[in-house]
Amino acid sequence: MSKNVEKHLSLNASLPSGSKKRLQKSKNSKHKESEHTQTLAEIEAPPVETIPAQVVEPEYDVDEAQEVVFKPNEGPQTSFLSSSEREVLYGGAAGGGKSYAMLADPLHGLNDPHFSGLLVRHTTEELRELIQKSQELYPRAIPGIKWSERKSQWTSPKGGRLWMSYLDKDTDVTRYQGQAFNWIGFDELTQWPTPYAWDYMRSRLRSAHSRDLGLYMRATTNPGGAGHSWVKKMFIDPAPSDKSFWATDIESSKTIVYPKGHSKEGQPLFKRRFIPASLFDNPYLAEEGDYEAMLLSLPEHQRKQLLEGNWDINEGAAFTEFDRSIHVIDSFEVPDNWAKFRACDYGYGSYTGVLWFTVSPDEQLIVYREMYVSKVTASDLADMILEAEAKDGGMKYGVLDSSLWHNRGDTGPSLAEQMNMKGCRWRPSDRSRGSRIAGKNEIHRRLKVDDFLEKPMLVFMDNCRNTISQIPSIPLDKKNPEDVDTKAEDHLYDALRYGIMTRPRSSVWDYNPAKQRSGFQASDSTFGY
Ligand SMILES: Nc1ncnc2c1ncn2[C@@H]1O[C@H](COP(=O)(O)OP(=O)(O)OP(=O)(O)O)[C@@H](O)[C@H]1O
Ligand SMILES: [Mg+2]
């Protein structure tokens with residue numbers, strides 16, 4: 001937001017008394033020197049050897065001497081305060097200094113008479129804490145700023161206003177109807193179970209003076225909480241951390257564009273950014289160590305969220321071992337001679353998930369492409385798949401949800417047959433009893449870091465965004481913890497399971513399950529699973 005955060009925020013009140021005294025003392029001695037008359041001996045003395053000028057560190061702490069009211073911690077706090085995107089989320093570990101940065105952000109603008117800001121928390125009780133902190137910080141940062149308890153609003157001597165309020169139920173948004181703000185902040189964004197309030201408040205973001213002041217929506221949060229999933233889809237999944245990206249629709253993952261008829265029709269609307277926070281960014285809490293110890297004592301999933309700021313962990317998640325830093329790799333062009341195959345879970349009304357796999361020479365299974373589409377007929381899907389893989393080189397086989405071979409009461413070919421006829425060839429997935437749980441176990445086994453190879457045997461290229469988002473947030477079935485909750489969004493997971501259960505190996509084309517004597521025994525000698 002600011003061009004120079006420190007210039008705006010490092011506000012020096014006066015020099016400390018000690019340094020003032022030191023200045024006075026040197027003035028006096030200078031005065032005495034001028035009174036002193038030079039003696040002959042001094043004039044005739046041989047030239048004294050000169051010492052090069054040296055920078056002498058002041059004996060006092062410069063920040064302390066200047067009474068810096070607020071100085072952002074290096075790293076994410078500074079990035080947050082200087083970010084220029086329309087919507088920014090500063091999120092992650094607890095205690096990283098997120099709320100404090102949120103309070104400091106409007107200080108940039110409050111000195112402008114046209115500034116109109118709104119800072120919300122989910123409930124009034126949580127709001128109190130934030131107001132208290134602002135009462136410590138604001139009067140020191142902007143002398144003369146006034147707090148009105150009745151209006152719950154700060155007004156700077158120049159006239160800039162910041163309203164601190166709450167927004168609990170969706171209907172509370174009517175409090176802000178007809179209002180216009182150029183800065184809106186949500187502290188602890190995942191406390192809002194749906195994106196309704198955030199989306200609604202975006203419509204309040206406008207200002208006649210926006211050219212000078214800019215328009216900003218800012219949010220801070222820890223992972224977890226009722227809104228974990230939508231916040232993750234909006235800010236974390238679309239792009240790597242700390243990278244600016246064009247805002248996407250959280251349902252379709254498509255970039256939001258200006259509507260038909262607008263002069264900018266089809267152009268992207270605005271940018272977002274996610275800035276990850278860590279406790280260790282905040283020297284005010286990190287140094288004490290007690291807070292870290294408390295976070296370390298939490299149960300695993302909470303610890304991962306609050307200490308490590310891990311967004312892939314949600315309570316009750318089936319694949320808690322999923323870790324982006326290990327299981328997501330940069331995309332690369334797969335060599336022609338690596339074994340490749342695909343797997344698909346088909347749904348017309350809901351979604352169809354298709355995954356493409358390859359096996360590296362050291363037997364690591366790599367998911368290198370995904371397709372996640374809705375309302376596509378089997379025949380169109382076949383065309384789309386063939387087009388996507390046209391340059392991939394030999395596709396060894398494809399596995400498809402076996403229910404697609406069922407004839408659904410009509411006389412025509414089944415959906416699987418329709419695709420096979422188009423040249424998009426499939427074999428049926430294993431749907432035998434126990435195959436769901438066996439598939440889940442196999443995914444766990446492959447996600448584990450192999451002791452010998454020191455890497456997991458299943459990884460995803462970073463272009464497989466929907467899969468990377470879905471796999472770690474799939475919940476366990478509460479009634480049957482051996483399996484995942486089938487009501488969750490699981491099409492890509494099912495495709496992964498079908499693919500992984502074909503027991504892929506790098507030499508798959510040489511592999512003849514009928515000849516397999518030791519190791520596992522293939523239950524299906526044709527397809528090898
Ligand atoms: N730049 C700073 N200057 C001075 N103090 C700071 C600064 N940043 C953070 N702090 C101190 O660290 C404390 C913890 O920071 P803060 O409450 O903002 O963390 P948080 O990330 O919002 O934590 P939580 O995740 O628990 O909400 C603040 O109360 C404040 O005292
Ligand atoms: Mg906070």
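Me: In S14, which residue is the bridge partner of arginine 342?

Reply: Good place to begin. The general idea is that strands of a sheet pair through backbone hydrogen bonds, either parallel or antiparallel. In this predicted model, arginine 342 has glycine 398 as its bridge partner in S14. The two strands involved, S11 (residues 339-345) and S14 (residues 397-400), are joined in the parallel sense by 4 bridges.

Me: What order do the strands take in the open sheet of 7 strands?

Reply: Reading across the sheet, the order is S10-S16-S13-S12-S11-S14-S15, and the pairing is mixed. S10 and strand S15 (427-428) are the edge strands, each pairing on one side only. Helix H18 packs on this sheet, where it touches S10, S12, S13 and S16, and its direction makes about 100° with that of S13.

Me: How many residues of helix H18 are buried?

Reply: Start with the helix itself: an α-helix has 3.6 residues a turn, so residues three or four places apart point the same way. Helix H18 (residues 465-473) is mostly covered, with 7 of its 9 residues buried. Those buried residues are Thr467, Ile468, Ser469, Gln470, Ile471, Pro472 and Ser473.

Me: Which elements do the buried residues of H18 pack against?

Reply: Besides strands S10 (328-329), S12 (352-359), S13 (365-373) and S16 (458-461), they pack against two helices, H10 (228-236) and H19 (491-500).

Me: What is the strand order in the open sheet of 9 strands?

Reply: That sheet runs S3-S4-S5-S2-S6-S7-S1-S9-S8, again with mixed pairing. Its edge strands are S3 (146-148) and S8 (245-246), and each pairs on one side only. At the S8 end, S8 and strand S9 (residues 271-277) pair in the antiparallel sense over 2 bridges. One bridge there matches tryptophan 246 with lysine 271 in S9.

Me: Which residues of S6 lie on one side, and which on the other?

Reply: The rule to keep in mind is that in a regular strand the side chains alternate between the two faces of the sheet. In S6, Trp183, Gly185 and Asp187 lie on one side, with Ile184 and Phe186 on the other, and both faces are covered. The count agrees: 5 of the 5 residues of S6 are buried.

Me: How many bridges join S6 to S2, and how many to S7?

Reply: S2 and S6 run parallel and are joined by 4 bridges. Here leucine 119 stands opposite glycine 185 in S6. S6 and strand S7 (residues 216-221) also run parallel, with 5 bridges between them. In that pairing, phenylalanine 186 is matched with alanine 219 in S7.

Me: Which strands does helix H7 lie across?

Reply: Helix H7 (residues 124-141) lies across S2 (116-121), S3, S4 (153-155), S5 (161-166) and S6 (183-187). Its direction is at about 155° to that of S5.

Me: Which residues have the most contacts inside the largest nonpolar core?

Reply: They are Leu89, Tyr90 and Leu119, in a core of 54 residues. H10 gives the most to this core, with 5 residues. Apart from it lies another core, of 52 residues, including Cys424, Leu458, Ile468 and Met501. As for tyrosine 90, leaving aside residues up to four places away in sequence, its contacts are Pro76, Phe80, Lys98, Ala101, Thr220, Ile275 and Ala277.

Me: Which residues are closest to ligand 1?

Reply: Ala94, Gly97, Lys98, Ser99 and Tyr100 are the closest among the 17 residues that surround ligand 1. Two elements each give two or more residues to this shell, helix H6 (98-104) and helix H11 (283-286). The largest share, 3 residues, comes from H6. By type, the shell divides into 7 nonpolar, 8 polar and 2 charged residues.

Me: Why is aspartate 430 classed as partly exposed?

Reply: The general idea is to count neighbours: a residue is buried if 20 or more other C-beta atoms lie within 10 Å of its own, and exposed if 12 or fewer do. Aspartate 430 is partly exposed because it has 19 other C-beta atoms within 10 Å. You will find aspartate 430 in the loop between S15 and helix H17 (435-447). Its C-alpha atom is separated by 9.8 Å from that of glycine 499, although the two are 69 residues apart along the chain.

Note on methods. Residues are numbered from 1 along each chain as its sequence is written. Chains are lettered from A and ligands numbered from 1 in the order in which they are written. This is a predicted model: local features need pLDDT of at least 70, side-chain atom pairs count only at pLDDT 80 or more; totals for chains, interfaces and linings use all residues. A residue is near a molecule or strand if its C-beta atom, placed from the backbone, lies within 6 Å of it. Ala, Val, Leu, Ile, Met, Phe, Trp, Tyr, Cys and Pro count as nonpolar, Asp, Glu, Lys and Arg as charged, and the others, Gly among them, as polar. Two residues are in contact if their C-beta atoms, placed from the backbone, lie within 7 Å. Two strands pair if DSSP finds at least two bridges between them. Axes are lines fitted to C-alpha atoms, for helices over the stretch in contact, and angles run from 0 to 180 degrees between N-to-C directions. A nonpolar core is a set of buried Ala, Val, Leu, Ile, Met, Phe, Trp, Tyr and Cys residues joined through C-beta atoms within 7 Å.
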